[in-house]
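Colleague: I should like to go through the terms applied to this structure and see on what grounds each is used.

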Amino acid sequence: MLDDIFFVGLLASTFRFATPIMFAALGEAVSQRAGVLNVGLEGIMLVGAFLAALGAWWTGTPWGGLVLAVAGGAAMGALHAFISITLRADQIISGIALIVLGLGISGYGYRMTLGGMSPPPSIPSFSPMEFWGLSDLPFVGPIFFGQHILVYMALAGAVLLHFFLYRSRWGLDVRAIGQSPVAADAVGIRVQGTRYATVIFGGAMAAMGGAYLSTAQLSGFVENMVSGRGFIAIACVVFGRWSPLGAMAAALFFGMADAAQIRLQSLNPDIPFQFFVMFPYVLAVVALVFMAKSSRMPAALGVPFQPPR
Amino acid sequence: MRSIQFIANLPAPWRVAAIAFAGALLISALLLAAGFSPLQALFVLIEQSLGNGNGLSEVVVRSVPLTLAGLGIAVAFRARVFNVGADGQIIFGAIGFVGFSLALPGLSGWVLLPLSMVAAIVGGGLWGGIAGVLRARYNANEIIVTIMLTYVAFQALGWAIRGPLQESAQIFPRSDAVPDGVLLGTMIEGTRLHWGLAIALLAVAATYVALRYTSFGFRLDAVGENPLAARFSGIRDRTMIALSLTISGGLAGLAGAVEIAGVHGRLQDAFAEGTGITAIAVALLARLNPLFIPLTALMFAVLSVGASGLQRQLGIPFPLVHIVEAIVILAFVIAGALQNADRGVRDA
């Protein structure tokens with residue numbers, strides 16, 4: 001009986017822990033498919049988490065927070081797009097700047113607003129779904145019907161993006177641009193505009209992942225609360241071989257690692273807990289080693305495009 | 001677009017000034033939005049860091065680990081290997097230093113100090129080297145790996161000071177004090193300015209010579225410019241990539257040791273928090289030139305010490321520092337792109 005409860009809990013929290021990573025990884029998969037690398041997801045997620053908490057407090061609903069977070073993430077995506085697409089500057093260093101910028105904006109903004117209030121404000125957050133009582137079903141209830149709405153949005157997003165990339169005209173354009181912007185341009189595809197759209201979309205998605213952390217997983221912002229998930233999301237794009245469903249699967253894998261880590265921690269009080277906390281990070285490194293070599297990377301990833309005049 | 005064209009048309013020094021001015025406007029806007037006076041903030045920042053002897057010595061003390069870690073970042077970035085995990089390497093350097101010096105307390109300081117410093121370089125070098133080898137052999141992205149290893153290092157530090165390295169009294173999460181013989185004494189009586197400054201400046205000279213006057217430096221730059229071309233001209237590009245991260249980590253490890261030996265005297269939580277991130281801005285602003293790194297490290301040390309003062313005196317949150325760092329990195333990347341446009345560099 002205990003085993004059942006254990007596994008139901010493990011699987012239910014697998015989805016919970018996977019969702020923030022999944023949002024960010026899906027957006028990054030699309031923008032990398034178009035050839036733009038954004039290593040600054042961590043910073044965007046931090047800003048998303050902060051803005052979501054701020055917006056939720058301000059408007060009184062977590063949806064208000066989500067809107068604000070998406071706007072902030074899109075703005076950071078636009079900044080990265082401007083630097084890497086229009087200025088054709090170094091995408092990696094621009095991404096590093098976004099990491100540091102996100103650290104600063106979220107920390108400064110938080111302490112100037114919510115963090116400085118006393119008593120600490122209560123942040124409205126998403127409540128788990130019930131689906132007319134289906135969530136009370138044994139086993140499947142908590143796993144499939146008792147999650148936050150953002151969990152379903154992330155999963156649906158993975159499926160939709162998969163159709164978008166592989167079954168739509170726009171998706172074909174995106175993939176063509178990522179393989180050869182010159183050839184794509186020659187057949188009349190708008191390279192720069194499409195790239196802008198994917199990078200801004202990637203920023204918005206990363207911010208939604210951050211919003212999940214502060215308005216679903218927790219109710220409130222904590223400085224540095226993203227703690228590496230932005231980088232794990234980039235790793236998920238590699239493991240998922242630049243496909244949305246692959247990125248989703250990779251995110252679920254890391255979600256499960258995190259869920260297992262926390263459970264094993266409480267079952268083994270003799271082993272120092274730090275070793276369990278390390279586990280997902282070590283796993284990311286190991287997985288990168290095994291997956292990175294088999295390269296399906298978009299051919300023009302990180303390569304700027306100079307439109308002919 | 002027109003405004004960017006306008007900046008691009010300016011002569012280079014004016015261009016930097018224009019970007020700096022835009023950055024200053026942005027920071028001022030952030031301060032105004034939060035109800036602070038930018039001029040007063042600037043005044044307090046300068047007064048707290050440069051306006052008195054104590055502040056000045058703190059600035060130099062702060063610049064020491066930034067210089068060492070910044071040198072490490074520069075070595076890796078020159079090979080276009082992006083070490084963003086110096087914080088983890090600093091931790092392992094410090095663990096190596098403290099672990100070694102506590103294990104052999106009987107030795108005289110003259111022997112123990114250099115050996116412990118070597119242990120720190122090995123500790124940091126190992127932590128960077130892992131990422132280097134994984135990048136070179138398996139093409140594992142070093143940005144992700146160095147960050148992941150930094151999170152592992154945070155946990156390792158947390159465990160070490162509550163487990164094997166915890167103080168004998170077993171009260172606080174910190175190590176015993178290191179033997180007196182390995183402490184770096186103060187250079188100027190009555191300040192906290194320690195001999196780590198001399199170590200940092202020696203490292204600057206050594207790195208400069210290695211990068212500027214040896215074939216190692218040439219090969220490093222060749223790999224950074226174009227790894228394939230370097231390989232075809234007989235340079236072992238993968239070895240250079242692994243080596244650059246190992247050396248980078250070793251320098252960061254030395255920064256960790258100097259911070260322990262010069263400032264804290266023992267291992268404790270968050271003893272050099274954020275140094276590795278600031279060091280990226282330090283190295284980029286110095287345009288990856290070792291000779292400029294102590295100067296840019298001093299600038300960021302002024303910012304950091306001044307911002308602590310701002311927080312104390314005016315209640316302006318410290319993370320503002322990171323916003324400034326990000327603006328500096330962005331300015332660097334934008335200036336670099338405009339320069340390429342000048343030279344008529346065309347890509348794909």
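The exchange below takes the terms one by one.

Modeller: This is a predicted model, in which local features need pLDDT of at least 70 and side-chain atom pairs count only at pLDDT 80 or more, while totals for chains, interfaces and linings use all residues. Residues are numbered from 1 along each chain as its sequence is written, chains are lettered from A, and side-chain values use heavy atoms, with hydrogens and water left out.

Colleague: Why is Gln274(A) called buried?

Modeller: Buried means under 20% relative accessible area, exposed over 50% and partly exposed in between, with a 1.4 Å probe and protein chains only. Gln274(A) has 4% relative accessibility and therefore counts as buried. Gln274(A) is placed in helix H12 (residues 273-291) of chain A; helices are DSSP runs of H or I with at least four residues, numbered from the N terminus.

Colleague: Which residues is Gln274(A) in contact with, leaving aside neighbours within four places in sequence?

Modeller: Contact means heavy atoms within 4.5 Å. On that rule Gln274(A) meets Gln155(B), Gly158(B), Trp159(B) and Arg162(B).

Colleague: What makes the span of helix H2 (residues 41-59) of chain A close to the expected one?

Modeller: The expected span is 1.5 Å times one less than the number of residues. For the 19 residues of H2(A) this is 27 Å, and the first and last C-alpha atoms are 26 Å apart. H2(A) is also mostly covered, with 16 of its 19 residues buried. Just after H2(A), Gly60(A) takes a positive phi of about 85°.

Colleague: What makes the pair Arg80(B) and Asp90(A) a salt bridge?

Modeller: The term requires a side-chain nitrogen of Lys or Arg within 4 Å of a carboxyl oxygen of Asp or Glu. The side chains of Arg80(B) and Asp90(A) meet at 2.8 Å, N to O, and are given as a salt bridge. The count between chain B and chain A is one.

Colleague: How much area is buried between chain B and chain A?

Modeller: Buried area is the accessible area (1.4 Å probe) that two parts lose on being put together, summed over both. Here the value is about 4400 Å², with 81% from carbon and sulfur atoms. Each chain contributes to the contact: 50 residues from chain B and 50 residues from chain A.

Colleague: Which residues does Met148(B) touch, not counting those up to four places away in sequence?

Modeller: Met148(B) touches Gly228(A), Phe231(A), Ile232(A), Tyr281(A), Ala284(A) and Val285(A).

Conventions: Helix = DSSP H or I, 4+ residues; strand = E, 2+ residues; numbered from the N terminus.
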